[in-house]
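Dear colleague,

I am handing over the structure we spoke about, and below it I have set out what was found, grouped by feature. Please read it with the structure open beside you.

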Amino acid sequence: RRCASALPTNLPEPAMMAMRPRLPRLLATGLCLLASACATPAAREPVAELRPGIARGYLEPGQLPDSIALLPPPPAPGSAAFALDEQVNQARALRGTPRWRQAAADANLRFPEAASVFACAIGSSIDQATTPGLYGLLRRTLTDAAVASDAAKHRYDRQRPFVVNGDPTCTPDEQAGLARNGSYPSGHAAIGWAWALILAELAPDRGDAILARGRRYGESRLVCNVHWHSDVLSGRFMGSAVVARLHADPQFRRDMDAARTELAMARARGVAVPTDCDAIAAALAQPLPAAAY
């Protein structure tokens, strides 16, 4: 709209008559220039950070979905639901396979690496240079989805699978910290599913591939032996709740509009994905053990 207003609308009639033979050519040239200007992303303010590397989310603490109110308690030992958790935990048998290595890669929530999780599903690079608005949006929504799960994590303080079964995880350097952090719900699953919903909205023609990647992102936590099946399901629920609440936030909606334009431009330019999508697809296609379904 601002670009269209740059066209002259108040020229006196004699001037318009004089310009009429040249008007189509001038309008065409002007529209091309204006379109080019509109297609250039505006300069953006740096994303505010809570601490170095951790972006401030869109939602204040009182605006976040209440994980204690929304989620039931985790399955109790000896229950049928916990028996299912133990059965699905057989996914850890994939240790040492390409799927295990992909689960280790999926565990990394640090940027810039985390921004590329869905690049293959979308078919375009997502980074600070190519799509700065979308990059910042992913950083901010990571915080919203992670923090929304904290209350239930602290309330239930559920032990993680590797603490119970004694088997290794795909991120051994993080095991000590994970052992002190509640397992229910899965923060990674909440973040991955929130991102999947957001990106599927921005690129609806790639929605199935994006949502499938979001599901497998949560399954990586099962393969990694750091979460139970019910942790992942509850994490996806919290990711959905966060995205629903985010749509009531005006700044989030503005950033979504800007990110949609950025992503469309990147895809139109054919920005290459800086990773081996065939290898990732093959790893993700590796089925979980039968007991994990």
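A residue is called buried here when its relative accessible area is under 20%, exposed when that area is over 50%, and partly exposed in between. By that cut-off T130, at 18% relative accessibility, counts as buried. Please keep in mind throughout that this is a predicted model.

T130 itself is placed in the loop between helix 6 and helix 7 (132–148). Leaving aside neighbours within four places in sequence, the residues in contact with T130 are S125, A266, R269 and V271. Of these contacts, V271 deserves a look along the chain as well as in space, since T130 and V271 are 141 residues apart in sequence while their C-alpha atoms are 8.1 Å apart.

Next, the disulfides. A disulfide is a covalent bond between the sulfur atoms of two cysteines, and the structure holds two disulfides. One of them is formed by C120 and C277, with the sulfur atoms 2.1 Å apart, and with -90° about the S-S bond this link is left-handed. The link of C120 and C277 connects distant parts of the chain, because C120 belongs to helix 6 (residues 119–122) and C277 to helix 15 (residues 277–285), 157 residues apart. As for solvent, C277 has 24% relative accessibility and therefore counts as partly exposed.The other disulfide joins C170 to C224, with an S to S distance of 1.5 Å. The torsion about the S-S bond of C170 and C224 is about -65°, so this disulfide is left-handed. C170 lies in the loop between helix 9 (161–165) and helix 10 (175–179), and C224 lies in the loop between helix 12 (207–223) and helix 13 (229–246), so the pair ties together parts that are 54 residues apart in sequence. With a relative accessible area of 10%, C170 is buried, and C224, at 0% relative accessibility, counts as buried too.

The residue that follows C224 brings us to the backbone. N225 lies in the loop between helix 12 and helix 13, and N225 has a positive phi of about 70° although it is not a glycine. N225 has a relative accessible area of 0%, so it is buried. A positive phi is also found at D157, where the value is near 45° in a residue other than glycine. D157 is placed in the loop between helix 8 (150–156) and helix 9, and, with a relative accessible area of 51%, D157 is exposed.

Two cis peptide bonds should be checked along with these torsions. The peptide bond from F111 to P112 is cis, with omega near 15°, and P112 is found in the loop between helix 5 (98–106) and helix 6. A cis peptide bond also joins Y184 and P185, with omega about -5°, and P185 has its place in the loop between helix 10 and helix 11.

Helix 11 (residues 187–202) is also where H188 lies. Is H188 buried or exposed? At 13% relative accessibility, H188 counts as buried. The side chains of H188 and R221 are joined by a polar contact of 3.4 Å. Not counting residues up to four places away in sequence, H188 touches D106, A107, L109, Y217 and R221, so that R221 appears both in the list of contacts and as the polar partner, a pair of N or O atoms within 3.5 Å being what a polar contact requires.

Finally, the empty space. Rolling a probe the size of a water molecule over the atoms shows where empty space is left. A search of the whole structure finds one cavity of 30 Å³ or more, and about 30 Å³ of space lies in the largest cavity. Which residues line the largest cavity? The lining is made up of A114, A115, F118, I126, L138, W195 and L199. By class, this lining has seven nonpolar residues, with no polar and no charged residues among them.

With best regards

How values were computed. Residues numbered from 1 in each chain as written. Predicted model: local features only at pLDDT ≥ 70, side-chain atom pairs only at ≥ 80, totals over all residues. Heavy atoms only, no water. 1 Å grid on protein atoms, 1.4 Å probe; cavity = no way out; pocket = protein on both sides within 12 Å on 5 of 7 lines; lining within 4 Å. Points joined across faces, edges and corners; volume = space filled by probe spheres on them. Nonpolar A, V, L, I, M, F, W, Y, C, P; charged D, E, K, R; others polar. Helix = DSSP H or I, 4+ residues; strand = E, 2+ residues; numbered from the N terminus. Buried < 20%, exposed > 50% of the residue type's maximum accessible area, 1.4 Å probe, protein only. Polar contact = N/O pair within 3.5 Å; in protein donor to acceptor, adjacent residues only side chain to side chain. Contact = heavy atoms within 4.5 Å. Disulfide = S-S within 2.5 Å.
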